[in-house]
Amino acid sequence: MIMGISTLMIIGCATGGKPSFSSEKTGAQLWGENCVRCHNAPSPAAFSDVQWETISMHMRVRANLSGEDIKKMVEFLQMAN
């Protein structure tokens, strides 16, 4: 038990106190679930690949999304436009 708590403390310190979980969802699922929580989700064709990268940097901070989730969403949007 002591070893288990020590391991958790080390992992917590290594990740800045936040556990790191990766989403098993696809970029399309993440886009559909996260974007429409606050606004209408634009069509993937509405913006260029570069514009989606810029938008994703803004929305990562604003929606508190993980880097991995944003990467999946951008890959989906760039493939779909």
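Contact here means heavy atoms within 4.5 Å. With that cut-off in hand, start at the C-terminal end of this predicted model. Asparagine 81 touches Pro44, Ala45, Phe47, Ser48, Asp49 and Trp52, leaving aside residues up to four places away in sequence. Asparagine 81 sits in the segment after helix 4. One of its partners, proline 44, is 37 residues away in sequence. In space, the two C-alpha atoms are 4.9 Å apart. Asparagine 81 counts as partly exposed because its relative accessibility is 35%, and partly exposed covers the range between 20% and 50%.

Now step back to the whole chain. The protein has four helices and zero strands. Along the sequence the pattern reads α-α-α-α. Of the 81 residues, 19% are buried. Take the contacts with a separation of 6 or more: 60% of them join residues 24 or more positions apart.

Next comes the largest pocket. Its volume is about 280 Å³. The lining holds 19 residues, and the closest to the pocket centre are Cys35, His39, Ile55, Met59 and Met73. Which helices supply at least two lining residues each? Helix 2 (27-35), helix 3 (49-63) and helix 4 do. Helix 3 gives the largest share, six residues. By residue class, the lining divides into 14 nonpolar, three polar and two charged.

Between helix 3 and helix 4 runs a loop, and asparagine 64 is found there. Its backbone deserves a look. Asparagine 64 is not a glycine, yet its phi is positive, at about 55°. Asparagine 64 counts as exposed, because its relative accessibility of 65% is over the 50% cut-off.

Charge pairing is the next topic. Side chains of opposite charge can pair when their charged atoms come close. How many salt bridges does a search of the whole structure find? The search finds two.

One salt bridge joins glutamate 33 to lysine 25. Their closest N and O atoms are 2.6 Å apart. Glutamate 33 is partly exposed, at 39% relative accessibility. Lysine 25 is also partly exposed, with a relative accessible area of 36%.

The other salt bridge joins glutamate 68 to lysine 72. Here the closest N and O atoms are 3.8 Å apart, and the cut-off for a salt bridge is 4 Å. Glutamate 68 and lysine 72 are separated by about one helical turn, because they lie four residues apart in helix 4. Glutamate 68 is partly exposed, with a relative accessible area of 38%.

Lysine 72 leads on to another acidic residue. Aspartate 69 lies in helix 4, which spans residues 67-80. Is aspartate 69 buried or exposed? Aspartate 69 is buried, yet it has no salt bridge. The nearest side chain of opposite charge is lysine 72, 4.9 Å away. Why does that not count as a salt bridge? A salt bridge needs a side-chain nitrogen of Lys or Arg within 4 Å of a carboxyl oxygen of Asp or Glu, so the 4.9 Å separation falls outside the cut-off. Beyond residues up to four places away in sequence, aspartate 69 touches Ser23 and Leu30.

Conventions. Residues numbered from 1 in each chain as written. Predicted model: local features only at pLDDT ≥ 70, side-chain atom pairs only at ≥ 80, totals over all residues. Heavy atoms only, no water. Buried < 20%, exposed > 50% of the residue type's maximum accessible area, 1.4 Å probe, protein only. Lys, Arg positive; Asp, Glu negative; His and termini not counted. 1 Å grid on protein atoms, 1.4 Å probe; cavity = no way out; pocket = protein on both sides within 12 Å on 5 of 7 lines; lining within 4 Å. Points joined across faces, edges and corners; volume = space filled by probe spheres on them. Nonpolar A, V, L, I, M, F, W, Y, C, P; charged D, E, K, R; others polar.
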